Amino acid sequence: MISAGVEVKISRLESIVEQIGEAVLSTTETIEHLAERLEHLSLQVEAQGKQVQQQGYQIFALCDAVQSLAESQDDSLQRLTQLTENLDKLTSLIQGSDKKV
């Protein structure tokens with residue numbers, strides 16, 4: 001009888017060990033899947049980081065171009081002002097010579 005009781009206990013222990021083994025395997029598979037997903041997300045974040053960096057460079061280049069355009073616009077405005085002043089002087093001279101004749 002003692003032998004039968006020991007066999008039952010051994011059988012239960014084997015069952016418990018088997019269940020623990022299955023749980024460990026299942027947990028290992030889950031961790032592997034999570035690791036794969038995490039690596040995939042990491043690659044996506046890295047790619048997005050590179051895109052953001054590239055956009056930063058583009059924004060910098062755009063700001064530089066806008067600044068150059070503003071400087072060019074300012075220079076054009078100064079030239080237009082000088083041209084307007086010269087045209088005003090020329091008009092005054094022409095009007096003055098018309099009055100003398």
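**Exercise 1. Work out how far apart R79 and D75 sit along helix α1, and what their side chains do.**

Step one: R79 and D75 are four residues apart in helix α1, so about one helical turn separates them. Helices here are DSSP runs of H or I with at least four residues, strands are runs of E with at least two, and both are numbered from the N terminus.

Step two: the side chains of R79 and D75 meet in a salt bridge, 3.5 Å from N to O. To count, a side-chain nitrogen of Lys or Arg has to be within 4 Å of a carboxyl oxygen of Asp or Glu.

Step three: check the accessibility. R79 counts as exposed at 56% relative accessibility, while D75 is partly exposed with 33%. The cut-offs are under 20% relative accessible area for buried, over 50% for exposed, and partly exposed in between (1.4 Å probe, protein chains only).

A word on the ground rules: this is a predicted model, where local features need pLDDT of at least 70, side-chain atom pairs count only at pLDDT 80 or more, and totals for chains, interfaces and linings use all residues. Residues are numbered from 1 along each chain as its sequence is written, and side-chain values use heavy atoms, with hydrogens and water left out.

**Exercise 2. The structure holds two salt bridges; describe the one between E46 and K50.**

Start with the distance: the E46 and K50 side chains meet at 3.8 Å, N to O. Next, place them: both lie in helix α1, four residues apart, or about one turn of the helix. Finally, look at the exposure: E46 is partly exposed at 44%, and K50 is exposed at 51%.

**Exercise 3. Describe the overall shape of the protein from its helix count, radius of gyration and C-alpha spans.**

First, count elements: there is one helix and there are zero strands. Then take the radius of gyration, which is 43 Å, well over the 13 Å that the globule rule gives for 101 residues, so the protein is more spread out than a compact globule. That radius is taken over C-alpha atoms, and the rule is 2.2 Å times the number of residues to the power 0.38.

Now the spans: along its principal axes, the C-alpha trace covers about 145 × 15 × 10 Å. For a feel of it along the chain, S26 and N86 are 60 residues apart in sequence and 89 Å apart in space, C-alpha to C-alpha. S26 lies in helix α1 and is partly exposed at 41%.

Last, the burial: of the 101 residues, 0% count as buried.

**Exercise 4. Find what makes up the nonpolar patch and the negative patch on the surface.**

The nonpolar patch first: L80, L83, L87, L90, L93 and I94 make about 580 Å² of it. Patch members have over 30% relative accessible area and no salt bridge; like charges are joined within 9 Å, and nonpolar side chains (Val, Leu, Ile, Met, Phe, Trp, Tyr) within 5 Å. Areas come from the Shrake-Rupley method with a 1.4 Å probe, and for residues only the protein chains shown count as cover. L90 is in helix α1 and is partly exposed at 45%.

On to the negative patch: E29, E32, E36 and E39 gather there. Lys and Arg count as positive, Asp and Glu as negative, and His and the chain ends are not counted. E39 is found in helix α1, residues 2–100, and counts as exposed at 54%.

Key
Charge placed at Lys NZ, Arg CZ, Asp CG, Glu CD.
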